[in-house]
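Please look over the sequence and the structure shown below. The paragraphs after them take one part at a time.

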Amino acid sequence: MKKNRAAKVYLVTQNILKAAVWISSGLFGLYILGYYFKALLQGHTAQWNEILPGLYDQNTRQATDGIGLHFAAGGLILVLGSIQFIHKIRLKWPQVHRWIGRIYVLACVLAAIGGLVFIFQKGTIGGWIMDIGIAGYGILMLIAGVETFRNAYSGNFELHRAWAIRLYALAIGSWLYRMDYGFWHAATDLAGHGDNFSGPFDYFMDFFFYLPNLVVAELIIQRKTLSKSPFLSGVASVLFIGIIVFIVLATKVFWDHYWGEPIINFFK
C-alpha cells in the first residue's frame, strides 16, 4: 500500500511539473517571438539591447544573424515542445506528432547553431567562462537533437523518448536562465552578480541553467525504476513540488513585469 501511494504521488507531481513547465515555457516562447523576433522582422534589432545590453552590434552582422536565428528557433521550440509529449496526439494523430517533431528538432538544431555562431563570432558578455558554459549548452542541444531524430528514424522509440526528454530539458534552459535570475534578484538583490556577468553567481549560472535540467530529465526517464522504490519516488516527489512552487511564483512575476505586454501586443 505504501509503495503504491508513493508511486501515485510521484506520478501526480511529475504530471503537475510537466504542466507547469509547459505553460510557463510556452509563455516565454511567445515572449521571445513577440519581443526579440518581432524586432528582428521590423528591423529594430537595436531594441534587444534594452533588455540584454551589447547583444546587438552593427559591426558584427553575422553574430546578429546568428542570435536572431537563435531567438526565432528558440521561441518556436518552447511553443512546440510541449505538444510532443501529449499522449493523445501521439496515439490519435501520429503524423501530426511526426511533422511537429521534425520541425521541433530542426528548430532545436538551428537554435543551437545560431547561438554557437554568435559565441564564435563575438563571444558572450561574460567572457571565456560564459563562452564555455553557453557553448557546452549548444553542443549538448545539437547532440540531443540528432539523437532524438536518429532514434525515431531507426525505430528505437524507447531511446527516442529518452533523448526527446533530454532535448526538451535542454530546450527550456534559456527560459530557466531568466527565471533563476529573476528569483535570485527578488531573494538577494542579485548578490554575486558582477558587471558584464562576471560575478561568482554569474559563473555558477553559466552551467546551472541547463545541467540540473538533465538530472530532472533522468528522474523522469527512469520513472519505472523510481516508482518501485517508495523512498526514491518520495524524494523525487519532494523535489518536483519545490520546482513547481518556484515555477508558479516566478511565472507570475515575469508575466507582470516582462512577458505580459509583449505577448499581448504580439497578437494585436
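Start with Trp175. Leaving out residues up to four places away in sequence, Trp175 touches Val21, Ser24, Ser25, Phe28, Ile247 and Trp259. The model in which these contacts are found is a predicted one.

Trp175 also has a place in a wider group. The largest nonpolar core has 50 residues, and those that touch the most other members are Tyr104, Met141, Trp175, Met179, Ile247 and Trp259. The helix that gives the most to this core is α11, residues 230-266, which supplies nine residues. Two of the contacts of Trp175, namely Ile247 and Trp259, are thus named again among the residues that touch the most other core members.

Now step back to the whole protein chain. How many helices and strands does it have? There are 11 helices and zero strands, and reading along the sequence gives the pattern α-α-α-α-α-α-α-α-α-α-α. Of the 268 residues in the chain, 44% are buried. The accessible surface comes to about 14100 Å², and carbon and sulfur atoms account for 69% of it. Consider next the contacts between residues at least 6 apart in sequence: 70% of these join residues at least 24 apart.

Two pairs of helices can be followed in detail. In the first pair are helix α5, residues 128-153, and helix α6, residues 157-171, whose axes come within 8 Å and cross at roughly 155°. Angles over 145 degrees count as roughly antiparallel, and α5 and α6 are therefore roughly antiparallel to each other. Their crossing is left-handed. On the α5 side the residues that meet α6 include Tyr137, Leu140, Met141, Ile143 and Thr148. On the α6 side the residues that meet α5 include Phe157, His160, Trp163, Ala164 and Leu167. One of these residues, Met141, is also among the core members that touch the most others.

Thr148 lies in helix α5. Is Thr148 buried or exposed? Buried means under 20% relative accessible area, so Thr148, at 3% relative accessibility, counts as buried. Apart from residues up to four places away in sequence, Thr148 touches Val105, His160, Trp163, Ala164 and Leu167.

After α6 the chain enters a loop. Ile172 is found in the loop between α6 and α7, and at 8% relative accessibility Ile172 counts as buried. Setting aside neighbours within four places in sequence, Ile172 is in contact with Val21, Ser25, Leu78 and Asn213. Ile172 and Phe28 are 144 residues apart along the chain, and their C-alpha atoms are separated by 9.4 Å.

Helix α7 spans residues 173-188 and contains Ser174. With 18% relative accessibility, Ser174 counts as buried. Which residues does Ser174 touch, not counting residues up to four places away in sequence? They are Phe28, Leu78, Tyr137 and Phe209. Leu78 is thus in contact with Ser174 and with Ile172.

The second pair of helices is α7 and α8. Helix α8 covers residues 200-208, and the axes of α7 and α8 come within 10 Å and cross at roughly 150°. The crossing of α7 and α8 is right-handed, whereas that of α5 and α6 is left-handed. From α7, the residues Tyr177, Asp180, Tyr181 and Trp184 meet Phe201, Asp202, Met205, Asp206 and Phe208 in α8.

Notes: Residues are numbered from 1 along each chain as its sequence is written. This is a predicted model: local features need pLDDT of at least 70, side-chain atom pairs count only at pLDDT 80 or more; totals for chains, interfaces and linings use all residues. Side-chain values use heavy atoms; hydrogens and water are left out. Helices (H or I, at least four residues) and strands (E, at least two) are DSSP runs, numbered from the N terminus. Buried means under 20% relative accessible area, exposed over 50%, partly exposed in between (1.4 Å probe, protein chains only). Contact means heavy atoms within 4.5 Å. Accessible areas come from the Shrake-Rupley method with a 1.4 Å probe; for residues, only the protein chains shown count as cover. A nonpolar core is a set of buried Ala, Val, Leu, Ile, Met, Phe, Trp, Tyr and Cys residues joined through side-chain atoms within 4.5 Å. Axes are lines fitted to C-alpha atoms, for helices over the stretch in contact, and angles run from 0 to 180 degrees between N-to-C directions. Angles under 35 degrees count as roughly parallel, over 145 as roughly antiparallel, 65 to 115 as roughly perpendicular and the rest as oblique. A crossing is left-handed if the near helix is turned anticlockwise from the far one by less than a right angle, and right-handed if clockwise.
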